[in-house]
Structures are given as C-alpha cells and as structure tokens.
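Visitor: Please pick one part of this model and look at it closely. Then work outward from there, one step at a time.

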Amino acid sequence: MPTIDFVQLEPDFGCYGVNTPGAIIELRAIHQETFVDHTYLQHGVTVPPGGTVLDIGANVGLFSLALKRTCPSARIHAFEPAPAALEALRANLALHGAAGVTVHAVGLGAVDDPGVPFTFYPNIPGNSTRYPELKEFDRARISADWGTSVGDSLYGGQTVEVPLQRLSTVLAQHPEVSTIDLAKIDVEGAELEVLGGIDEADWPRLHRVVVEVQDLDGRAEAVQDLLTAHGFELNVETPEALAHLNYRTVYAVRPEVTTTGG
C-alpha cells in the first residue's frame, strides 16, 4: 500500500495525499474543484451556519476542509473506507485543526457488511471503487487518448477489504443528527447503493443532496428518478473536464428549503 506525503497546493495551504505522481495530479484537480470552483455548492446548494453535512466519499478530505473555510461552524461526518486515503484524511483534519468533523472508516451501501472487496488505485485514489468493472470504460477511453500504458498505470488496482454500513444504520447511532443540510456523494459507482441504504423514514431529514454519477447503464437517470420521487428539485450538469467519461453532477434541493433557506 502506498505511503502518504505532504503536497503544497497554495502558498498558504497544503495537505497530505497518496505519494504517487498520478495521485498528486489528481489531488491538484480536486483542490481546484473544491477550493476554487466550489463545484458542490452550486444551483442553490448552500450550508447554513452550524449545518450538518455528510461528506460521503471523503477521500483525503479536501471537500470537508474547503467547507470549513466557508462555513467554519458546519458539523461534518466524513466517510472514507480506503486505508491510505483514510490515513491522509485524518492527517489533514489534524493538520488544519478542523474541529467538528467526525470520521467514519466505512463505506456506505445498501446493506451492512463487515467486509467487502474494494479496489484502490494508487495513481488515481479518488477513483477507487467497489465496482472496478465500471472503470474499464474509463481505462478504455484514457488508453485510446493517451496510450495503453497510461491506462494500465492509472487503473492498476489493489484489492482491500473494507466495512460497509447503511446510512440509516449510521444515523441511528447519531440521534443528534436531526437534519442533514447537505449530503455530498462521490462514491465511484456506488451511488444507488448509498441512496438505497436510506430508510424511508430518514429521507425527510435530507435537505440537499449532490451526487457525482457516471452515466453508464442508466445510472444517472436512476439517481435522478430516485431523488425526484423523494421530493427534490434537480439541476444536472456535465463537468467539462469529465464530459468524455460521461460524468454528471446532480444537484437536488427540496423546494421548501429553497423557500425558507433552512
């Protein structure tokens, strides 16, 4: 398993990440997405002071750290199952003194399971997944653009075993969480499983949801249909940098939240 190291991303900001050349390039892209472009805070998606946020697929924690800059009083639950990313996440929260962040060393899914196979990609750790077969589309596209050796290098994975929990199982362990102001979901193919792990009684607690989903096998439409069925109004964007890989960002906000600002 690769080690982690410190990477300077701004003159006054740096963080720990997986110490491979590809991972560092990816880390800079995620920094741009979270600290500069504020990708997850678009289309009426905001977090009120003291709001509760779920960072599902936290990776090394850049979304949580960026949110702490704009909303220091936010209470964040960060979920990350991959051991190397989890190590960097904890190191980054400590480095930046990010109070009010609870780390959950689990993946989220439709069932509770003490151990499921998880594929970790040292050169693109943010793409690590429970469903490596879905990454064959990405590997083929990148191999066509940049050569087979690049595709093979990026998508050369290592299998680890990680625990899985349903979101409603976690919420039952945290009765203090009555409202979820934002659930950011970036889980590389497990989006429907994460949403499937929410009991019907818990759906009204979610006020805003942002999901990154790859539009393969009807998954983007299925995510949108599920959110619409639970009372959300949607905006959907295609991130320019990921358009060739068929990614979509789905922004879901309850209309009553838009009206009241809650």
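Guide: First, the naming. Helices are DSSP runs of H or I with at least four residues, strands are E runs of at least two, and both are numbered from the N terminus. Keep in mind that this is a predicted model.

Start at N123. This residue sits in the loop that links β7 (113-120) to α4 (135-146). Is N123 buried or exposed? Its relative accessible area is 17%. The cut-off for buried is under 20%, so N123 counts as buried. What does N123 touch, beyond residues up to four places away in sequence? Its contacts are T20, P21, G22, A23, S153 and L154.

Now step back along the chain into β7. This strand pairs with β8 (residues 158-165) in the antiparallel sense, over 6 bridges. One pair to find on screen is T119, whose bridge partner in β8 is T159. Both strands belong to an open sheet of 3 strands, ordered β6-β8-β7, with mixed pairing. Its edges are β6 (107-108) and β7, each pairing on one side only.

Next, the other sheet. It is open, has 7 strands and mixed pairing, and runs in the order β5-β4-β3-β9-β10-β12-β11. β5 and β11 (233-237) are the edge strands, and each pairs on one side only. On average, neighbouring strands in this sheet are turned by 15° against each other, ignoring direction.

Look at the β5 end. Strand β4 (residues 75-79) runs parallel to β5 (residues 101-104), and 4 bridges join them. F79 stands opposite H104 of β5. Between the two strands the chain passes through α3 (residues 83-95), and this β-α-β crossover is right-handed. α3 lies across β4 and β5, at about 165° to β5. On its other flank, β4 meets β3 (residues 52-56): the two pair in the parallel sense over 5 bridges. There, D55 has A78 in β4 as its bridge partner.

D55 also brings in a record. UniProt, in an unreviewed entry, places the feature "domain: Methyltransferase FkbM" at residues 55-233. The C-alpha atoms at the two ends of residues 55-233 are 21 Å apart. That span is 36% helix and 23% strand.

β4 leads to the core as well. The largest nonpolar core has 34 residues, and L62 and L67 have the most contacts inside it. β4 is one of the elements that give two or more residues to this core, along with β1 (4-10), β2 (13-18), α1 (21-36), α2 (62-70), α3 and β12 (247-253). α2 gives the most, with 5 residues. Leaving out residues up to four places away in sequence, L62 touches L9, F13, C15, L27, I30, H31, T34 and F35. A separate core has 30 residues, among them V106, Y131, I180 and V209.

Why is α2 described as largely enclosed by the rest of the structure? Because 7 of its 9 residues are buried. They are L62, F63, S64, L65, A66, L67 and K68. As a broader pattern, nonpolar side chains in soluble globular proteins tend to be buried together.

Follow the chain out of α2. S73 lies in the loop between α2 and β4. At 41% relative accessibility, it is partly exposed. Its contacts, setting aside neighbours within four places in sequence, are P49, G50 and K68. For a sense of scale, the C-alpha atoms of S73 and I124 are separated by 31 Å, with these positions 51 residues apart along the chain.

Two loop residues deserve a backbone check. Most residues other than glycine have a negative phi. H43 has a positive phi of about 55°, although it is not a glycine. Its place is the loop between α1 and β3. With a relative accessible area of 34%, H43 is partly exposed. E188 also has a positive phi, near 50°, and is not a glycine. This residue lies in the loop between β9 (182-185) and α7 (191-196). E188 counts as buried, at 8% relative accessibility.

Last, return to the starting point. N123 is a buried residue in the loop after β7, and β7 is an edge strand of its sheet.

Methods
Residues numbered from 1 in each chain as written. Predicted model: local features only at pLDDT ≥ 70, side-chain atom pairs only at ≥ 80, totals over all residues. Heavy atoms only, no water. Pairing = 2+ DSSP bridges. Right-handed = clockwise from strand over helix to strand, strands pointing away. Buried < 20%, exposed > 50% of the residue type's maximum accessible area, 1.4 Å probe, protein only. Contact = heavy atoms within 4.5 Å. Axes fitted to C-alpha atoms, helices over the stretch in contact; angles between N-to-C directions. Core = buried A, V, L, I, M, F, W, Y, C linked by side-chain atoms within 4.5 Å. UniProt positions renumbered as here; feature names shortened; annotations may be inferred.
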